[in-house]
Amino acid sequence: MTRLVRSLALFLIVTALVASVPRPAGAFCLFNCTYTKTKYPIVLAHGLFGFDQLFGVIDYFFGIPDALTAGGARVFVTQVSAANSSDVRGEELLAQVEQIVAITGSSKVNLIGHSQGALDVRYVAGVRPDLVASVSTVGGVNKGAELADFLQANLQDGSFTQAAVAALGDFLAEIIELLSGSSDPADSAAALAQLSTAGTAAFNAQFPAGVPATACGSGAASANGVRYYSWSGTGVLTNALDVSDPLLALTSTFYHEASDGLVGRCRSHLGTVIRDNYFQNHLDEVNQVAGLVSLFEADPRTLFRDQANRLKNAGL
């Protein structure tokens, strides 16, 4: 028993050490091997309650890193706090970007963030634009989420319910951290406040680059030498086999505009809007769960590949 405990402890220590370094992706290519070969490395950033990998095998960006590297891209998958503000998560991401620049010898990176990861990558571009060639957001919470507003309005400050919900969120975040071999701090209350309309408005006032001036318009295509892009979906029930679809159908009822179940169509806009109505829900956008997405819409992996090609053609 003692030997088993020591072995388990050693495994967890090694896993944590490995997880502390941004994970490069790798894949084998047979043809069209330069389609995604960008000048600068691509860095993928996960959303709320996200991870790079669970158990070392389940990718948050399911099949996407390999699809990108198969076309020649250098791809790094990062991991930050599963639940926290984007000021905290952004600093954690920045530290990893600095590692990636040092490892690759590249002067900049192309950042792609999903969900709250959109705010994280915008934070990095805002504080260190010299390290960022482009920012792309996918289902990004760029102007807040109505579900976060509802929760904020109905969880009275200091109440037992608020404390219980925050504790449950922190517990879930800690479980994700454990399963992904990480140990970043969790603060679900800070994450919820960040993702509200008021929270993102304050964030946008500090980091306005690429934010549309109108409710459903496009933002500046570039600012401070950084290109800005976004895309998102408005599908909800997209695959009958996907167990997450009913939950997203439920959360979509909190929205007054078409949404992907968690982010409204217009609220996802940033910079050059590639498209905002793919028949994809919030998890489909990163090819989850396990690639169970609509058969009648572009494959999420293809959208990431096309964006990499777009960046390549822009000299990025």
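**Close-up views of a predicted model**

Aspartate 276 is buried, with a relative accessible area of just 10%. Keep in mind as you look through these views that the model is predicted.

**View 1. Aspartate 276 and arginine 265 are partners in a salt bridge.** Look for the closest N and O atoms of this pair, which are 2.8 Å apart. Where in the chain do the two residues of this pair sit? Aspartate 276 belongs to strand β10 (residues 272-278), while arginine 265 is in the loop between α9 and β10, so the pair links distant parts of the chain, eleven residues apart. Is aspartate 276 buried or exposed? Aspartate 276 counts as buried because its relative accessible area, 10%, falls under the 20% cut-off. Arginine 265, in turn, is partly exposed, at 30%.

**View 2. Tyrosine 278 is another residue to find in strand β10.** Tyrosine 278 has a relative accessible area of 9% and is buried. Now find tryptophan 231, which is 47 residues away from tyrosine 278 along the chain. In space, the C-alpha atoms of these two residues are separated by 8.3 Å.

**View 3. Arginine 128 and aspartate 130 meet through their side chains in a salt bridge.** Here the N to O distance is 2.7 Å. Both partners are partly exposed: arginine 128 has a relative accessible area of 27%, and aspartate 130 has 41%.

**View 4. Aspartate 299 and arginine 301 form a salt bridge with their side chains.** The distance from N to O in this pair is 2.7 Å. Aspartate 299 is partly exposed at 25% relative accessibility, and arginine 301 is partly exposed at 34%. Which residues does a network of salt bridges join? Glu98, Arg128 and Asp130 are joined into one network by salt bridges that share partners. How many salt bridges does a search of the whole structure find? The search finds six, and the pairs shown in these views are among them.

**View 5. The largest pocket has a volume of about 1,300 Å³.** Its lining is made up of 40 residues, and the closest to the centre of the pocket are Leu48, Phe49, Leu147, Leu172 and Leu262. Which helices each supply at least two residues of this lining? They are α5 (146-154), α6, α7 (188-195) and α9 (245-251). Helix α6 gives the most, with seven residues. What kinds of residue form the lining? You will find 30 nonpolar residues, ten polar ones and no charged ones.

**View 6. Six residues form a nonpolar patch on the surface: Phe55, Val57, Ile58, Ile175, Leu178 and Leu179.** Together they have about 550 Å² of accessible area. Which helix gives the most to the nonpolar patch? The answer is helix α6 (residues 160-179), with three residues. You have met this helix already, as α6 also gives the most to the lining of the largest pocket.

**View 7. Isoleucine 58, one of the patch residues, lies in strand β4.** This strand covers residues 58-59. Why does isoleucine 58 count as partly exposed? Its relative accessible area is 36%, and partly exposed residues are those that are neither under 20% nor over 50%.

How values were computed: Residues numbered from 1 in each chain as written. Predicted model: local features only at pLDDT ≥ 70, side-chain atom pairs only at ≥ 80, totals over all residues. Heavy atoms only, no water. Patch = residues over 30% accessible without salt bridge, like charges linked within 9 Å, V, L, I, M, F, W, Y side chains within 5 Å. Areas by Shrake-Rupley, 256 points an atom, 1.4 Å probe, with all protein chains shown as cover. Salt bridge = Lys/Arg side-chain N within 4 Å of Asp/Glu carboxyl O. Helix = DSSP H or I, 4+ residues; strand = E, 2+ residues; numbered from the N terminus. Buried < 20%, exposed > 50% of the residue type's maximum accessible area, 1.4 Å probe, protein only. 1 Å grid on protein atoms, 1.4 Å probe; cavity = no way out; pocket = protein on both sides within 12 Å on 5 of 7 lines; lining within 4 Å. Points joined across faces, edges and corners; volume = space filled by probe spheres on them. Nonpolar A, V, L, I, M, F, W, Y, C, P; charged D, E, K, R; others polar.
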